[in-house]
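Work through the exercises below with the structure open beside you. Try each task before reading its solution.

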Amino acid sequence: MTEPISRWSAVETIGRGVRAAPALRAGFGLTLFLAMVGAGGRVVVPIVIQQAIDHGFRDGQVHIRTILVLAAFGISAVALATWAQRTAVYRLGRRSEEALYGLRASLFQHIHRMSIEDHNEERKGALVARVTSDVETLAQFFQWGGIAWLLDSTLMLLVAGVMLAYDWVLALVAFVVAAPLAIVLRMVQGHLVKAYDQARQSNAEVMTQLSELVSGAETLRAYDAGQHYTAKVKEVSHQRSNSFIRAGTIGAFLFPSGEVFNVLTVSAVVCVGVLRGPASGLTAGAMVGFVFLTQRFLEPIAEFTEVLDMTQTAVAGMRRVLGVLEIPIGPPEPDMPLTLPAGPLTVTADRVDFSYRSRGEDDEPPVLIDVNLHIPAGQQVAVVGETGSGKTTLGRIIARMADPSAGSIALGGVPLTRVANADLRTRLTVVPQEPFLFEGSIAANLLFARPGLTEADLLAAIDTLDLRDWLDALPDGLATQVGQRGTQLSAGERQLVALIRASLVDPDVLVLDEATSSVDALTEVRIAHALERLAEGRTTIAIAHRLSTAARADRVLVLDHGRLVEDGTHDELLRSDGTYRRMYDAWVAATSS
Ligand SMILES: Nc1ncnc2c1ncn2[C@@H]1O[C@H](COP(=O)(O)OP(=O)(O)OP(=O)(O)O)[C@@H](O)[C@H]1O
Ligand SMILES: [Mg+2]
């Protein structure tokens with residue numbers, strides 16, 4: 001699989017991330033302004049206290065008017081600042097939700113559209129899982145980290161500025177004593193993050209083990225192996241609680257260490273201030289105000305170190321998310337599409353080579369080698385070959401789920417690369433080897449191919465394929481629930497549903513990948529019969545695992561290690577005494593025994 005791009009720096013990654021999520025940028029200027037107003041309000045209180053002490057209590061008298069005016073000013077400033085800060089937080093939160101929504105949507109769409117050359121279904125599944133957790137870390141960051149960066153840094157800068165303006169000597173004392181706090185917190189934080197990572201990992205481990213224990217219950221009971229697996233679950237559970245305790249212990253250390261530094265810094269400021277005495281020009285009010293400012297300055301440090309870690313995680317997540325978005329998506333739409341001719345279509349392959357790019361090796365083995373083929377319109381062709389010989393792959397290439405590495409495929413004389421995707425999907429349909437059914441009724445699984453159809457249309461299609469007796473034998477007919485991934489139906493029945501679904505599209509070319517899994521005799525007859533009905537008047541390429549299907553076809557193609565080695569009618573190939581003959585003899589021997 002194409003690995004996420006790691007060469008970008010943090011700043012570059014954030015830049016690209018913001019470009020990928022334009023919602024983040026909208027109205028950011030106003031949000032920043034509001035955040036600054038909010039931070040400004042927190043500086044007002046120390047200043048008001050200083051003013052009240054220095055001017056409210058002058059010459060041994062209380063100047064109540066001055067104090068009242070200052071109090072009114074302080075209250076209004078704090079009210080305004082609170083409003084501004086809440087608005088900024090709200091705006092940022094809303095924007096980041098919008099941005100994340102957009103990011104999720106484009107990620108899933110991208111993964112969905114990725115060509116099968118890059119990702120088969122399981123890999124896509126893993127990718128979706130990974131990307132989901134990456135987006136989760138981004139969400140956490142946006143909801144809290146981004147806001148903290150904004151508010152804390154404005155607050156710290158503003159407070160530091162006011163402190164320097166009041167008394168630069170005291171300000172420097174405060175900065176120098178507080179510096180170790182940042183370093184210590186950073187170190188502890190590093191351990192804490194690691195401990196929490198481990199805790200999360202062991203949590204996931206417990207979940208995996210438990211779900212295996214539950215879903216594998218039948219197998220475990222059959223072999224009486226429950227003891228062994230229960231012991232394993234116990235062990236990982238133990239590890240899990242240990243790692244959570246460890247994380248908790250480190251976290252408990254973090255909080256008091258912040259307090260200790262707070263006390264130390266404030267004491268240093270007070271000591272130095274008192275020692276310098278009134279000669280330094282520092283008033284009593286300024287001294288008290290300064291102590292408040294120092295505390296305001298220290299508050300964000302603890303939060304900052306935490307946010308820094310969160311930022312690192314978020315940048316890593318963003319990098320991976322962007323990496324996924326960078327993976328090119330397969331078969332591109334043609335710039336100037338050509339329309340396919342009406343009626344049954346010919347299928348031609350001209351010197352087609354193909355190899356999957358997804359294996360991550362430098363020289364991927366070719367899966368199809370120099371395949372040349374011309375199928376006249378309306379012909380019934382069967383493709384046979386050993387497992388892994390490339391049959392399914394040939395079907396995928398013909399259906400343009402991926403483009404050949406070399407050579408070309410044409411439908412009705414039009415190269416596939418010039419056919420619009422929408423046109424192709426209505427003219428060619430694939431019934432895959434393992435058709436996917438969605439949880440729901442049979443009707444729902446049929447209707448998504450052609451959403452406008454009525455129940456009568458569905459029944460008519462089922463009648464055409466002579467499958468009415470099968471449907472009537474089901475508990476609820478069309479309303480029968482298929483279960484998750486269609487597991488309530490047998491493999492053969494799933495293939496039947498897929499055949500009906502294909503018939504609703506009414507394509508001119510049909511690619512059918514026969515189920516490998518064994519199908520009971522009755523269903524097999526039904527599939528064969530339905531396929532015959534469905535194939536009438538269409539160009540059909542049936543990938544045959546049962547050579548009875550091949551025997552009925554107009555023509556048989558034999559694939560061997562990606563090469564087309566034999567091409568002729570069933571009788572011709574039997575006479576020619578080659579690969580097909582050997583396969584057929586083996587099949588007859590196996591089925592008749
Ligand atoms: N998505 C994929 N990514 C990478 N390699 C793949 C992928 N799908 C198939 N292959 C490989 O390509 C080769 C041909 O596979 P293909 O599925 O076309 O064979 P097949 O003839 O359909 O086999 P079967 O009879 O078992 O269905 C095999 O070596 C297989 O491992
Ligand atoms: Mg196959």
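The exercises go from the whole chain to single residues.

**Exercise 1. Judge the confidence of the model.**
Find the average pLDDT of the protein chain and the stretch where pLDDT stays under 50.

*Solution.*
Step 1. This is a predicted model. The protein chain averages a pLDDT of 84.
Step 2. A pLDDT of at least 70 is reached by 94% of the residues.
Step 3. Residues 1–5 stay under 50. For this stretch the model has 14 contacts beyond four places in sequence.

**Exercise 2. Describe the overall form.**
Compare the radius of gyration of the protein chain with that of a compact globule of 593 residues.

*Solution.*
Step 1. A compact globule of 593 residues would have a radius of gyration near 25 Å.
Step 2. The protein chain has 36 Å instead.
Step 3. Now take the box along the principal axes. The C-alpha atoms fill roughly 120 × 60 × 50 Å.
Step 4. Look at the domains. The assignment gives domain 1 (9–166) and domain 2 (347–592). Their C-alpha centres lie 56 Å apart.
Step 5. Add the inventory: 18 helices and twelve strands. Of the 593 residues, 33% count as buried.
Step 6. Turn to contacts between residues at least 6 apart in sequence. Of these, 81% join residues at least 24 apart.

**Exercise 3. Find the two faces of a helix.**
Which residues of helix α12 are buried, and which exposed residues does the face turned away carry?

*Solution.*
Step 1. Helix α12 spans residues 455–464. L458, A461 and I462 are buried there.
Step 2. These three cover an arc of only 100° around the axis, so they sit on the same side of α12.
Step 3. The general rule helps here. An α-helix has 3.6 residues a turn, so residues three or four places apart point the same way.
Step 4. Turn to the opposite face. A456 and D463 are exposed there.
Step 5. Ask what covers the buried residues. The cover includes α11 (442–447), α13 (468–473) and α14 (491–505).
Step 6. Finish just after the helix. D466 takes a positive phi of about 60°.

**Exercise 4. Trace an open sheet.**
Give the strand order of the open sheet of four strands and name its edge strands.

*Solution.*
Step 1. The order is β4-β3-β6-β7, and the pairing is antiparallel.
Step 2. β4 (368–375) and β7 (414–415) are the edge strands, as each pairs on one side only.
Step 3. Zoom in on one pair. β6 (residues 406–411) and β7 are joined by two bridges. L411 stands opposite V414 in β7.

**Exercise 5. Examine a hairpin.**
How many bridges pair β11 with β12, and which residue of the hairpin takes a positive phi?

*Solution.*
Step 1. β11 covers residues 555–560 and β12 covers 563–568. They pair in the antiparallel sense over five bridges.
Step 2. Pick one bridge. L557 has D567 in β12 as its partner.
Step 3. Two residues lie between the strands. H561 takes a positive phi near 50° in this hairpin.

**Exercise 6. Place one residue.**
Is Y356 buried, partly exposed or exposed?

*Solution.*
Step 1. Locate Y356 in the loop between β3 (347–354) and β4.
Step 2. Count its neighbours: 18 other C-beta atoms lie within 10 Å.
Step 3. A buried residue needs 20 or more, and an exposed one has 12 or fewer. Y356 is therefore partly exposed.
Step 4. Compare Y356 with A279, 77 residues apart along the chain. Their C-alpha atoms are separated by 82 Å.

Notes
Residues numbered from 1 in each chain as written. Chains lettered and ligands numbered in written order. Predicted model: local features only at pLDDT ≥ 70, side-chain atom pairs only at ≥ 80, totals over all residues. pLDDT = per-residue confidence, 0-100. Contact = placed C-beta atoms within 7 Å. Rg over C-alpha atoms; globule rule 2.2 N^0.38 Å. Arc of directions from axis to C-beta. Domains from an automatic or database assignment. Pairing = 2+ DSSP bridges.
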